[in-house]
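The following exercises concern strand pairing, helix packing and burial. Please work through each task with the structure in view before reading its solution.

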Amino acid sequence: MMSIKAESITLRYGAETIVEKMDLAVDKADIVSIIGPNGSGKSTVLKALGRLLKPAGGIVFLDGKDIQTEKTGRVAQKLAILPQTAVVPGDMTVYDLVCYGRMPYQKFFAPKSEEDLSRIEMAIGATGMAEMKFRRMDTLSGGERQRAWLSLAIAQNPKILLLDEPTTFLDIHHQLEIMKLISHLHRKLSITVIMVLHDLNHAARFSNRIIAVKKGAVMIDGGIGEVFREEILGALYNVKTQIIKIRQNGEEHLYCLADDVCEGGPHERA
Amino acid sequence: MSLSMAAGKGAKDPRLGKRIITLSAALAALCAFAAAGVALGSIDIKLSEILRAVFDHADPENLRENFRIIYYIRLPRVLTAVMVGVNMALAGCIMQGVLRNPLADPGIIGVSAGAGMTAVAVMVLFPEYSLLIPPIAFLGALAATGIVFLLSWENGIQPLRMILAGVAVSAFFGAIMSAIMVFNSDKIQGTVNWMAGGFHGRSWEHVKMIFPYCLFGTVSVLCGYRYLNALQLGDEVAKSIGARVELSRFLLVALSALLAASAVSVAGMIGFVGLIVPHTMRIFVGSDFEFLLSCSALFGGALVVGADTVARTIIAPIEIPVGIFMALLGAPFFLYLLKKGMSRG
C-alpha cells in the first residue's frame with residue numbers, strides 16, 4: 001500500500017494564501033472524498049497532492065519521499081491526477097490519448113514495449129472504451145470523454161488516483177456511470193482514489209472516508225457516519241440540512257437534503 | 001519512424017492510411033522538385049552531364065562550363081532551398097505546438113525582426129562586410145529571441161507573455177530597421193532583395209552554414225515529438241504523465257529559434273513557410289506531431305525548392321524573389337484549404 005501525506009502544507013496562488021499549515025494523510029487503499037464549499041481550497045489541496053502546485057511551506061510525501069524533489073516521471077508511475085479542465089486536440093483518438101499514460105515508462109527514443117501495449121489495451125477495456133478506441137475525442141459525449149481520460153490515468157498503472165470533480169458537466173446518468181466506474185476500478189485494481197466532489201450524496205455513497213475542508217483548513221475527517229451529520233454539513237456549508245437513510249437495491253445510503261440557507265453563509269455576497 | 005498507430009489489435013486507426021499517403025506524397029514531391037531544381041534553368045543542360053556533375057564530381061572534364069553551372073550554382077541553391085524549407089516548416093510547427101496558438105510562427109519570437117535589423121544595418125552602414133551578412137543575421141535573430149525569452153520568463157516560459165513580448169520586440173527591431181533605411185534611403189537598393197527572401201547566388205558556403213542546424217533540428221524533433229504532443233494536453237495533464245513541462249517548452253522554443261534563425265540568415269525573410277506548411281499538413285494528417293512534424297519538414301522543403309525553381313524559370317532570365325512568389329500563390333491556396341477543412345469539420 002502506497003501512502004500519501006501532506007505535512008503542514010501552506011498553499012498560495014501568488015500572494016493569496018489558500019491553505020495554511022494543513023496536515024492530511026491517506027495510507028489505506030480507500031476512496032476518499034474531499035468536500036467543502038466553493039473557494040474552500042479543496043481543489044488546491046488536490047493539486048498539491050498531485051505535485052501540480054508546489055507548496056509555499058511544508059512537504060507532500062509520496063511513499064515517504066518528497067513529491068517535489070522526486071523525478072516527475074517516477075511520480076507519474078505511482079500517481080495519476082486528472083484536473084478538472086482537461087483540454088485535448090479534437091482530432092486525437094481515444095487510443096492516442098491513452099497511449100500518453102505510458103509516457104512515464106518510455107525511454108527517450110524507444111518504441112512502445114509489449115507491456116505498454118497490453119497496459120493500454122487493459123486500460124481501454126477497464127473503462128469500457130474498447131468499442132470506441134479509434135473514435136476522435138471531439139465525437140464523444142461528455143461521459144465517454146471522461147471515461148477516456150480515466151483510461152489515460154489507468155494506463156499509468158498508478159497506485160493513487162487523484163480526481164478533481166470527475167462528474168462536472170455530466171447528466172445524472174453519466175454521473176452515476178462515472179462514479180460506479182471509479183468504484184469498480186478502485187476495487188479491481190486496488191487503487192487509492194482521492195477526489196474532490198461537489199455532490200455530497202455521491203461522496204456518501206461511494207467513499208469510505210470524507211474530508212471536509214472549510215476556509216483552507218480540515219474541518220472534519222472521518223467515515224461517512226462521522227461526517228454525514230446534520231450539524232456538521234450545516235456548519236460546513238451554512239445550510240440547514242436533513243440527513244435521511246434510504247435503501248436502494250438492498251444497500252443503505254445516507255442522503256443529505258438541503259433545506260434552507262443560513263445567514264452569513266459561505267456563498268453570501270457583500 | 002515508428003508507426004505507433006498500427007499497434008492496436010483488431011480495428012485499425014482510420015487515419016493511418018491517409019497519414020502514410022501524405023508522408024509518401026511529401027517525400028515524393030521533395031525528391032521530384034529537388035531533381036527539377038537541378039535539371040531546370042535558363043541554360044539547357046543534357047541529362048547525362050547533369051548526372052555526371054551530381055554523382056561524379058571528380059570528373060576530369062569538370063572544368064567545363066555546364067559542370068560548373070550544375071555543381072557550383074544549381075546544386076547548392078537547391079540544397080539550401082530544401083534545408084531552408086525544412087527548417088522554417090519545423091520551426092513553425094514547433095512554435096504552433098508550444099504556444100498552442102495557430103498564428104504562431106518563428107516571426108512571433110522576434111527571429112525575423114532581429115535578423116532583418118542586423119542584416120539591413122550591415123548592408124547599409126557597413127557594405128564592405130556584406131559577405132558576413134548570414135552569420136551576423138543569425139546572431140541578430142538569436143539576440144532578439146534571447147530578449148523575448150528573458151521578458152517572458154516566470155517559472156518557465158509563459159506562452160501568452162512570450163507572444164506579447166515577441167510582438168513588442170519585433171516592433172522595436174523593426175523600427176530600428178526602418179530608421180536605418182529612412183536615413184540612408186540612397187543606399188537601400190540591396191536590402192530590398194534580401195527582405196523579399198530568395199536563393200539567388202547561394203553557394204556551398206550557405207549549404208555548410210545551414211546544414212548542421214537542419215540535421216540537428218531534424219534529429220531533435222524526431223526524439224522530442226512526444227514532449228510536443230504531451231504539451232497539447234495542457235500543462236497539468238502533461239505534468240501528470242511525467243513530462244517536465246517548463247524544460248520541454250524551453251528546449252523546444254530554443255530549437256525553433258535556432259532552426260528559424262539559420263534559415264532566415266541564409267535566405268532572407270521567408271516567413272510564410274513556417275506559418276502555412278504546418279497548417280496545411282494539419283488538415284491532412286491531424287495534430288499528432290509524430291506525423292505532423294515529419295510531413296511538415298518534407299513538404300516545407302518541397303515547397304520552397306519547387307517555388308524557387310518555378311520562380312527563376314517561369315520568366316527566365318528574370319527571377320521573381322521566391323518569398324513573393326510563394327506568398328502570392330500560397331496564400332490563396334491556403335485559404336482554399338482552410339475553408340475546405342473547416343466545412344468538413
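Two strands pair if DSSP finds at least two bridges between them; helices (H or I, at least four residues) and strands (E, at least two) are DSSP runs, numbered from the N terminus. This is a predicted model, in which local features need pLDDT of at least 70 and side-chain atom pairs count only at pLDDT 80 or more, while totals for chains, interfaces and linings use all residues. Residues are numbered from 1 along each chain as its sequence is written, chains are lettered from A and ligands numbered from 1 in the order in which they are written, and side-chain values use heavy atoms, with hydrogens and water left out.

**Exercise 1.** Determine the strand order of the open sheet of 6 strands in chain A, and identify its edge strands.

Solution. Step 1: the order is E6-E7-E8-E3-E9-E10, and the pairing is mixed. Step 2: strand E6 (79-82) and strand E10 (217-222) of chain A each pair on one side only, which marks them as the edges. Step 3: direction ignored, neighbouring strands are turned by 15 degrees against each other on average; axes here are lines fitted to C-alpha atoms, for helices over the stretch in contact, and angles run from 0 to 180 degrees between N-to-C directions.

**Exercise 2.** Describe the pairing of E7(A) with E8(A) and the helices that pack on this sheet.

Solution. Step 1: strand E7 (residues 160-164) and strand E8 (residues 192-196) of chain A are parallel partners over 5 bridges, with Leu161(A) opposite Val193(A). Step 2: helix H5 (residues 142-155) of chain A touches E6 and E7 of chain A (contact means heavy atoms within 4.5 Å), and its direction makes about 160 degrees with that of E6(A). Step 3: helix H6 (residues 172-189) of chain A touches strand E3 (31-35), E7 and E8 of chain A, at about 155 degrees to the direction of E8(A).

**Exercise 3.** Establish why E7(A) is described as largely enclosed.

Solution. Step 1: buried means under 20% relative accessible area, exposed over 50%, and partly exposed in between (1.4 Å probe, protein chains only). Step 2: one side of E7(A) carries the buried residues Ile160(A), Leu162(A) and Asp164(A), and the other carries Leu161(A) and Leu163(A), also buried. Step 3: 5 of the 5 residues of E7(A) are therefore buried, and the strand is largely enclosed by the rest of the structure.

**Exercise 4.** Analyse the open sheet of 4 strands in chain A.

Solution. Step 1: the order is E2-E1-E4-E5, with antiparallel pairing. Step 2: strand E2 (16-26) and strand E5 (65-66) of chain A are the edges. Step 3: helix H1 (residues 42-49) of chain A packs on this sheet and touches E1, E2 and strand E4 (57-62), its direction making about 120 degrees with that of E1(A). Step 4: strand E1 (residues 4-13) of chain A and E2(A) share 7 bridges, and Ile9(A) stands opposite Met22(A).

**Exercise 5.** Characterise the hairpin of E11(A) and E12(A).

Solution. Step 1: strand E11 (residues 239-248) and strand E12 (residues 251-261) of chain A pair in the antiparallel sense over 10 bridges. Step 2: Ile244(A) has Tyr255(A) as its bridge partner in E12(A). Step 3: 2 residues lie between the strands, and Asn249(A) in the turn has a positive phi of about 50 degrees.
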